[in-house]
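Colleague: Got a minute to walk me through this one? I'd like to get a feel for the fold before class.

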Amino acid sequence: MAETRSSPAPAPPSAASPLFRAERFVWLTARVLEQRLFAHLFLNGAADPVESALDAYGNDDGGYGHALEPDLRGPVSQPLHTAYALRVLDRAGRCGGRRVERVCRYLTSVSTPDGALPAVRPAQRGCPTAPFVPVLDDPPGDLLATGPVVGLLHRNEVWHAWLFRAGDFCWQRIESLEASHPYEVRAAVAFLDHVPDRTRARAAADRLGRLVREQRLAVLDPDRREDRPVAPGHAPGEHRFPQHFPHDFARTPGSLARAWFTDEEMARSLDFLADGQQEDGGWPVTRRDWSPAAVLEARPMVTIEALLTLRAYGRVIG
């Protein structure tokens, strides 16, 4: 009779691997929410603890606050907090049901007359806020706040009346863009990658990609990123809102933005992202350092996103 051999147990990750180093960084520095999310995404952890940790940031109005988005401190609900909450639910596979219905009612209640979300509502006044986030008495609808939320809800096949006018707002803004900046383009991509009208989305993305290249909104060669001056109002080390690379726009190979860049440009960008992991295992926050607490809380968020991008392109296993 032939000898039966069992398969060898998988080897534990090397202490030098990006995932191992990032795991140590997360346990050392992250909030409970990002610890639970990391465990779910990379260590086969359950989704229930992610939802439980997120509950601590929820408010009675259906929105989220309590510095869930680290650049906005204080307890009040804000669209940016709520957008991050939806991203967490999406990562956990829990973006649906009554919880999201309540979120959609909150989004409806805080929308501007044109159906969009403002970046920050005036209730933030009096709470500590990043100096680069303006708090206005009558804030306008904002593509940066609206586009990712609409796209994410479509990705999860959520249908709610709020989506119709908010979607129209996003289409109008995206299709009329003549000049832009990287954060706005990233918000547009988040919308276009998941909106149901794929033909219209591809046409809009093609036009947007030409704009990105014509206006040099992406750093195509990381070794020459200092060739362009720092934009006014940004700190040393920041670069055009600040630096953005192909991987910042095309977070996955399936993104419409992937077609904007050659294979060589994308490979250089991913190499640069992988090399950005710091000695402590985390990735840096590139926007202005205005509060030690905000940076400490944001770095695990940035680290998880970096790992997800590298994994999507086959650069990280886990």
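**Walking through the fold**

Modeller: Sure. Starting at the N terminus, the elements of the protein run α-α-α-α-α-α-α-α-α-α-α-α. Keep in mind that this is a predicted model.

Colleague: How many helices and strands does the protein have?

Modeller: Twelve helices and zero strands.

Colleague: And what share of the residues counts as buried?

Modeller: Of the 318 residues, 48% count as buried. As for contacts with a separation of 6 or more, 62% of them come from residues 24 or more positions apart.

Colleague: Let's pick a helix. Which residues of helix 3 are buried?

Modeller: Helix 3 covers residues 48-55, and Val-50, Glu-51, Ala-53 and Leu-54 are buried there. They sit on the same side of helix 3, because they cover an arc of only 165° around the axis.

Colleague: Why would residues three or four places apart point the same way?

Modeller: An α-helix has 3.6 residues a turn, so residues with that spacing point the same way.

Colleague: OK, what do the buried residues of helix 3 pack against?

Modeller: Against helix 2 (32-42), helix 4 (79-92) and helix 5 (97-110).

Colleague: Then on to helix 2. Which of its residues are buried?

Modeller: Leu-33, Glu-34, Leu-37, Phe-38, Ala-39, Leu-41 and Phe-42. The buried residues of helix 2 pack against helix 1 (18-29), helix 3, helix 4 and helix 12. Just after helix 2, Asn-44 takes a positive phi of about 60°.

Colleague: New topic: rings. How many aromatic pairs are there in the whole structure?

Modeller: A search finds seven aromatic pairs. In one of them, Phe-38 and Phe-42 have ring centres 5.0 Å apart and planes at 45°, so the pair is tilted.

Colleague: How far apart are Phe-38 and Phe-42 in helix 2?

Modeller: They are four residues apart, which means about one helical turn separates them. Phe-38 and Phe-42 are both buried. There's also a cluster here: ring pairs link Trp-27, Phe-38 and Phe-42.

Colleague: Can you show me another pair, maybe one from another part of the chain?

Modeller: Try Trp-171 and Phe-191, about which we can say a bit more. Trp-171 is buried, and so is Phe-191. Their pair is edge-to-face, with 5.1 Å from centre to centre and 85° between the planes. This pair links distant parts of the chain: Trp-171 is in helix 7 (residues 162-175) and Phe-191 is in helix 8 (residues 182-192), 20 residues apart.

Colleague: What sits over the ring of Trp-171?

Modeller: The charged end of Arg-200, at 4.1 Å from the centre of the ring.

Colleague: Switching again, to empty space. How many cavities of 30 Å³ or more does the count come to?

Modeller: Two cavities. The largest cavity holds about 50 Å³ of space.

Colleague: Which residues line the largest cavity?

Modeller: The lining is made of Leu-37, Tyr-84, Arg-87, Val-88, Arg-91, Met-301, Ile-304 and Glu-305. Helix 4 and helix 12 (292-312) are the elements that give two or more residues to that lining. Helix 4 gives the most, with four residues. Leu-37 you've met already, as one of the buried residues of helix 2.

Colleague: What about the loops? Where is Thr-112, for a start?

Modeller: Thr-112 is in the loop between helix 5 and helix 6. At 11% relative accessibility, Thr-112 counts as buried, because the cut-off for buried is under 20%. Leaving out residues up to four places away in sequence, Thr-112 touches Pro-118, Pro-139, Pro-140 and Gly-141.

Colleague: And Asp-114, is that one buried, exposed or partly exposed?

Modeller: Asp-114 is partly exposed, with a relative accessible area of 34%. Asp-114 also has its place in the loop between helix 5 and helix 6 (143-155). Setting aside neighbours within four places in sequence, Asp-114 is in contact with Gly-141, Arg-165 and Phe-169. The C-alpha atoms of Asp-114 and Ala-166 are 7.7 Å apart in space, with their places 52 residues apart in sequence.

Colleague: Last one. Where is His-181?

Modeller: In the loop between helix 7 and helix 8. His-181 is partly exposed, at 23% relative accessible area. The C-alpha atoms of His-181 and Ala-218 are separated by 9.7 Å, and the two residues are 37 residues apart along the chain.

Notes. Residues are numbered from 1 along each chain as its sequence is written. This is a predicted model: local features need pLDDT of at least 70, side-chain atom pairs count only at pLDDT 80 or more; totals for chains, interfaces and linings use all residues. Side-chain values use heavy atoms; hydrogens and water are left out. Buried means under 20% relative accessible area, exposed over 50%, partly exposed in between (1.4 Å probe, protein chains only). The arc is that of the directions from the helix axis to the C-beta atoms. Contact means heavy atoms within 4.5 Å. Rings of Phe, Tyr and Trp (its six-membered ring) pair if their centres lie within 6.5 Å; planes under 30 degrees apart count as stacked, over 60 as edge-to-face and the rest as tilted. A charge sits over a ring if NZ of Lys or CZ of Arg is within 6 Å of the ring centre and within 35 degrees of the ring normal. On a 1 Å grid over the protein atoms alone, a cavity is a set of points where a 1.4 Å probe fits but cannot get out, and a pocket is an open set with protein on both sides within 12 Å along at least five of seven lines; lining residues have an atom within 4 Å of a point. Grid points are joined across faces, edges and corners, and a volume is the space filled by probe spheres set on the points.
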